[in-house]
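Please open the structure in your viewer and keep the sequence panel beside it, since this tour moves from one selection to the next.

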Amino acid sequence: MDYLKVSSKSSPASVAGAIAGLIKDGMPVEIQSVGAGAVNQAIKAIAIARGFLIPSGIDVLCAPTFQDIEIDGECRTAIRISVYPHALAVPSPTLSEGHAPDSVDHASHLSVVQADHAPAASCHVPADVACVAAAIRA
C-alpha cells in the first residue's frame with residue numbers, strides 16, 4: 001500500500017491539498033510520519049484539509065497506528081494515520097419545530113476547539129481524533 005509520506009519539512013498546506021483532493025474523490029488517505037516534527041506537520045495538514053472539505057459537506061475520520069519500519073538499515077517507529085471521508089449530516093429543520101428553513105445552525109455540527117486546544121465539553125469529537133490530539137498535547 002502506498003503512503004503519503006510527511007516529513008518535518010513538508011508544507012502542511014500542500015499536504016492538505018493532496019488529502020482534500022483524494023478525500024473529495026471518496027478515496028481514503030494513508031499518511032506515514034516518523035518523528036515528532038513530521039507527525040506535527042501531518043496533523044496540521046489534516047486540520048487544514050478539514051477546513052477545505054467542511055464547506056462542501058465532507059469531514060474526515062482518522063485512525064492512527066504505530067508501525068515499525070526500516071530506514072537506511074535502522075529500525076524506526078512510524079505513525080501511520082488513515083484518513084477516511086465522512087459525510088456531514090445536517091438535519092433539515094421543519095416549520096413545526098419552530099425553525100425557519102434558512103435558520104440551520106451549521107456551526108453546531110462542527111467540532112469547536114477552545115483557546116487552550118482542548119475539545120469543548122459540548123463537542124462531539126471522534127475517539128480517534130481525540131486520541132491523536134491527546135498524544136500531541138502530551
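Which residues does Ile23 touch, not counting residues up to four places away in sequence? Bear in mind that this is a predicted model, then select Ile23 and display its surroundings, where you will find that Ile23 touches Pro28, Val29, Leu53, Ile58, Val60, Val83, Tyr84 and Pro85.

Next, widen the selection to the largest nonpolar core, which has 18 residues, and among these Ile19, Ile23, Ile31, Ile46, Val60, Ile81 and Val83 touch the most other members. If you colour the chain by element, you can see that helix H1 (12–24), helix H2 (36–53) and strands S2 (29–33), S3 (58–71) and S4 (74–87) each supply at least two residues of this core. In soluble globular proteins, nonpolar side chains tend to be buried together.

Now show H1 and H2 alone, which pack with their axes 8 Å apart at an angle of about 50°, and H1 is therefore oblique to H2. The crossing of H1 past H2 is right-handed. To see the contact, select Pro12, Ala13, Val15, Ala16, Gly17, Ile19, Ala20, Ile23 and Lys24 on H1, together with Gln41, Lys44, Ala45, Ile46, Ile48, Ala49, Phe52 and Leu53 on H2. The residues of this contact divide into 13 nonpolar, 2 polar and 2 charged.

Finally, go to the loop between S3 and S4 and select Asp72, whose phi is near 50°, a positive value in a residue other than glycine. Most residues other than glycine have a negative phi. Is Asp72 buried or exposed? Asp72 counts as exposed because its relative accessibility is 81%, and exposed means over 50%.

Definitions and conventions: Residues are numbered from 1 along each chain as its sequence is written. This is a predicted model: local features need pLDDT of at least 70, side-chain atom pairs count only at pLDDT 80 or more; totals for chains, interfaces and linings use all residues. Side-chain values use heavy atoms; hydrogens and water are left out. A nonpolar core is a set of buried Ala, Val, Leu, Ile, Met, Phe, Trp, Tyr and Cys residues joined through side-chain atoms within 4.5 Å. Buried means under 20% relative accessible area, exposed over 50%, partly exposed in between (1.4 Å probe, protein chains only). Helices (H or I, at least four residues) and strands (E, at least two) are DSSP runs, numbered from the N terminus. Contact means heavy atoms within 4.5 Å. Axes are lines fitted to C-alpha atoms, for helices over the stretch in contact, and angles run from 0 to 180 degrees between N-to-C directions. Angles under 35 degrees count as roughly parallel, over 145 as roughly antiparallel, 65 to 115 as roughly perpendicular and the rest as oblique. A crossing is left-handed if the near helix is turned anticlockwise from the far one by less than a right angle, and right-handed if clockwise. Ala, Val, Leu, Ile, Met, Phe, Trp, Tyr, Cys and Pro count as nonpolar, Asp, Glu, Lys and Arg as charged, and the others, Gly among them, as polar.
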